[in-house]
Amino acid sequence: MKKDFSDEEDEIESQLLSDDSTSKLELNLFLEAIYQQYGYDFRHYARSSLKRRVQNCMERENKSQISELIPCIIHDMYFFDRFLQDMSITVTAMFRDPVLFKSLNENIIPKLATYPTINIWHAGCATGEEVYSIAILLSEAGLLDRTRIYATDYNNHSLKKAEAGNYPLGNIREYAENYRSSGGMATFSDYYEQSGDSVTFSSKLKEKITFAHHNLMKDGVFAEMHLILCRNVLIYFDQTLQNKVLEVISDSLIHRGFLMLGDRESIEFSSVAKQFEQTYTKMRIYRKKLYPD
Ligand SMILES: C[S@@+](CC[C@H](N)C(=O)[O-])C[C@H]1O[C@@H](n2cnc3c(N)ncnc32)[C@H](O)[C@@H]1O
C-alpha cells in the first residue's frame, strides 16, 4: 500500500498558505488562469487540500508567491502537467476496506448476477489496484466474462500504471490478506506473475477492463452502468462539484443500480440524495431507486 494517507485526511484548514485577502485573490486568479487555458475547473476543489497542493507546487517550482505561477500556466507548456500530478492524490490499495469488499462480494455481486451483461464504472481509479480487486471478485463469481469494467481517471500517468497492472512485490502480502478478508476463495498468487521485485496482474483480468481518460469536472455520461465505484474522490471536491459529479453518476446508473463511495463520503446532503436509498449493508453502498421521492 502506498503510505501517505494524510493527504486524504486533510480536513483541517491548511496552515501553509496564508488566508489573507491577497493570497485568496492570487489563488483565485491562478485557478481562473487554469480554467481559461485548460478548461480544468479546480475552483470547486476543497480549499484546504487545494492549498496544500498549490504550496507543494510553489516549493517545487521555487516560487514564493502564488501569482508567480500564473505566467507558468500561460507560457510553460509542461507546467500544467506537473501541476496535475500535484493535484492528483493517487493513494489506493487492493481490496481497500476489506469489510466493504466482503459486503460487495456477498450482497451486491449476487444481484449483479441477475443481469445478462454487467457494466461497471470505476471513476477516479488512480493506479488501478481497486479495479483489479473487483475483477478478481467477479471472476470468482463466474461473472467476469459478461462484464465490462470502465476504469477512468483524469491523471494519464496513473492510468498508464493502472493499465500495466504492475505493482511492487512488497505490497502483495498485505493485499493477499485483504483479499482473504474480502471473501476471496482462490490462491491470490494465481492472479499475477512475479518478476523480480514486482508482480503483473493477469491479462485475463485486463481483457475485461477499459482504461480511459475521464475528467469528472467536465466530462459526462458515456454508458449505462450497473455499479459505479467512486471512492475517495468526492472528498477533494466542494459541495457544488460533488453535486455535479453525483448527478452524472446518477444519470449513468440503471434503475436499481449500485453506487459505492469511500468511507468518509456520503450522498446525504447532495442534490441526488432522494434518488438513492442506502442498502441494508449500512455501508457507503447506495442503490438507485426505481422512482425518486
Ligand atoms: C485517492 S485516489 C482514489 C483511488 C481509488 N478510488 C481508491 O479509493 O482507492 C483519488 C483519485 O481521483 C482522481 N481524481 C481527482 N479529481 C478527478 C477528476 N476531476 N476527474 C477524474 N479523476 C479525478 C485522482 O487523479 C486520483 O487518482
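Which side chain has an N or O atom 3.1 Å from a nitrogen atom of the ligand? It belongs to N215. Keep in mind that this is a predicted model.

Let's stay with the ligand. The residues around it number 23. Y45, S88, T92, R96 and D153 are the closest. D153 places a polar side-chain atom 2.6 Å from a ligand oxygen. L216 uses its backbone instead: a polar atom there sits 2.9 Å from a ligand nitrogen. How much of the ligand does the protein bury? On its own, the ligand exposes 600 Å², and 99% of that is buried by the protein.

Now the cores. The largest nonpolar core holds 50 residues. Those with the most contacts inside it are F30, F42, Y45, V54, F83, F237 and L259. Several elements each give at least two residues to this core. Among them are the helices α1 (21–38) and α2 (47–61), and the strands β1 (118–123) and β8 (253–261).

You have heard Y45 twice now. Y45 is one of the residues closest to the ligand, and it is also on the list of core residues with the most contacts. What does Y45 touch, leaving out residues up to four places away in sequence? The answer is L50, M87, Y154, M217, Y236, F237, D238 and L241.

There is a second, separate core too, with 43 residues. A93, L112, Y167 and L227 are included in it.

On to charges. How many salt bridges does a search of the whole structure find? It finds 10. Let's take three.

First up, R43 and D41. Their side chains meet with N and O 2.7 Å apart. Is D41 buried or exposed? D41 has 13% relative accessibility, so it counts as buried, because the cut-off is under 20%. R43 is at 28%, so R43 counts as partly exposed.

Next, D97 and R231. This salt bridge is 3.0 Å, N to O. It links distant parts of the chain, 134 residues apart. D97 lies in the loop between α4 and α5, and R231 in the loop between β7 and α10. R231 is buried, at 4% relative accessible area. D97 is at 28%, so D97 counts as partly exposed.

Last, E277 and R256. Their closest N and O atoms are 3.2 Å apart. E277 is in strand β9 and R256 in strand β8, with their positions 21 residues apart in the count. Both partners are partly exposed: E277 at 30%, R256 at 25%.

One more item. Salt bridges with shared partners join R60, E61, D76, R82 and D86 into one network.

Key:
Residues are numbered from 1 along each chain as its sequence is written. This is a predicted model: local features need pLDDT of at least 70, side-chain atom pairs count only at pLDDT 80 or more; totals for chains, interfaces and linings use all residues. Side-chain values use heavy atoms; hydrogens and water are left out. A nonpolar core is a set of buried Ala, Val, Leu, Ile, Met, Phe, Trp, Tyr and Cys residues joined through side-chain atoms within 4.5 Å. Buried means under 20% relative accessible area, exposed over 50%, partly exposed in between (1.4 Å probe, protein chains only). Helices (H or I, at least four residues) and strands (E, at least two) are DSSP runs, numbered from the N terminus. Contact means heavy atoms within 4.5 Å. A residue is near a molecule or strand if one of its heavy atoms lies within 4 Å of it. A polar contact is a pair of N or O atoms within 3.5 Å; within protein, one must be able to donate a hydrogen and the other to accept it, and residues adjacent in sequence count only if both atoms are side-chain atoms. Accessible areas come from the Shrake-Rupley method with a 1.4 Å probe; for residues, only the protein chains shown count as cover. A salt bridge is a side-chain nitrogen of Lys or Arg within 4 Å of a carboxyl oxygen of Asp or Glu.
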